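Hi everyone, thanks for coming. I'd like to walk you through one structure today, bit by bit. Have a look at it first, and then we'll start with one of its helices.

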Amino acid sequence: RALNEMALGEIPLVGYDIDWQPEIVITGETGELIKFRNKQAMADAVVKVLKNPSVYKKMGKNARKLAMDQMNPQKLSAHEQATYDKLFARFFRAS
């Protein structure tokens, strides 16, 4: 949730390439995606963002746009409904 909250605040993102993070942290677009557990690269990316706010301002705007799109209530509801439809179709087909 922290990455989504940062994105909504137009903050460029720095995150690891694990779990769902690559869905919102896109190097060169919304921030910097770092190889998992590479602490030095993570620290370097954070310093890079902090030292170059004008460069990363557009990434923050891109991050917000992507988060707003991904968190769109209508899209989320439609996705959830489609997932349940698939689940129920499998269950009733197996019976």
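Let's begin with helix α3, on the face turned away from its buried side: that face carries the exposed residues S54, K57, K58 and K65. Exposed here means over 50% relative accessible area, buried means under 20%, and partly exposed is in between, all with a 1.4 Å probe and protein chains only. The areas themselves come from the Shrake-Rupley method with a 1.4 Å probe, and for residues only the protein chains shown count as cover.

Before I go on, a word on where this comes from. It's a predicted model, where local features need pLDDT of at least 70 and side-chain atom pairs count only at pLDDT 80 or more, while totals for chains, interfaces and linings use all residues. Residues are numbered from 1 along each chain as its sequence is written, and side-chain values use heavy atoms, with hydrogens and water left out.

Back to α3. Which residues of α3 are buried? They are Y56, M59, G60, A63 and A67. Those residues cover an arc of only 110° around the axis, so they sit on the same side of α3. The arc is taken from the directions from the helix axis to the C-beta atoms. If you're wondering about the spacing, an α-helix has 3.6 residues a turn, so residues three or four places apart point the same way.

And what do the buried residues of α3 pack against? The answer is α1, β1 (13-16), β2 (31-34) and α2 (39-51). When I talk about contact, I mean heavy atoms within 4.5 Å. Helices and strands are DSSP runs numbered from the N terminus: H or I with at least four residues for a helix, E with at least two for a strand.

As for its dimensions, α3 runs over residues 53-70, which is 18 residues. From first C-alpha to last it reaches 25 Å, close to the 26 Å expected at 1.5 Å a residue. That expected span is 1.5 Å times one less than the number of residues.

One residue to look at in α1 (residues 2-8) is N4. N4 counts as buried because its relative accessibility is 15%. Leaving aside neighbours within four places in sequence, N4 is in contact with W20, I24, A67 and M71. You've met A67 already: it's one of the buried residues of α3.

Now for the charges. How many salt bridges does the structure hold? Three. A salt bridge here is a side-chain nitrogen of Lys or Arg within 4 Å of a carboxyl oxygen of Asp or Glu. The general idea is that side chains of opposite charge can pair when their charged atoms come close.

Take E10 and K61, whose side chains meet at 3.4 Å, N to O. E10 lies in the loop between α1 and β1 and K61 in α3, so this pair ties together parts that are 51 residues apart in sequence. E10 is partly exposed at 35% relative accessibility, and K61 is partly exposed too, at 43%. There's another thing about E10: its phi is positive, about 60°, although it is not a glycine.

Next up is E32 with K48, where the closest N and O atoms are 4.0 Å apart. This pair also links distant parts of the chain, with E32 in strand β2 and K48 in helix α2, 16 residues apart. Is E32 buried or exposed? Buried, with a relative accessible area of 12%, whereas K48 is partly exposed at 41%.

Then there's K75 with D69, at 2.3 Å, N to O. K75 is partly exposed at 44%, and so is D69 at 38%.

Let's move to the loop between β1 and β2, where you'll find D19. D19 has a positive phi of about 55° although it is not a glycine, and it counts as exposed at 68% relative accessibility. D17 is in that loop as well, and D17 is partly exposed, with a relative accessible area of 32%. Not counting residues up to four places away in sequence, D17 touches P22, L33, I34, K35 and F36.

I'll finish on helix α4 (residues 73-94), where Y84 is found. Y84 is partly exposed at 42% relative accessibility. Together with L87, F88, F91 and F92, Y84 forms a nonpolar patch on the surface, with about 560 Å² of accessible area. Patches are made of residues with over 30% relative accessible area and no salt bridge; like charges are joined within 9 Å, and nonpolar side chains (Val, Leu, Ile, Met, Phe, Trp, Tyr) within 5 Å.
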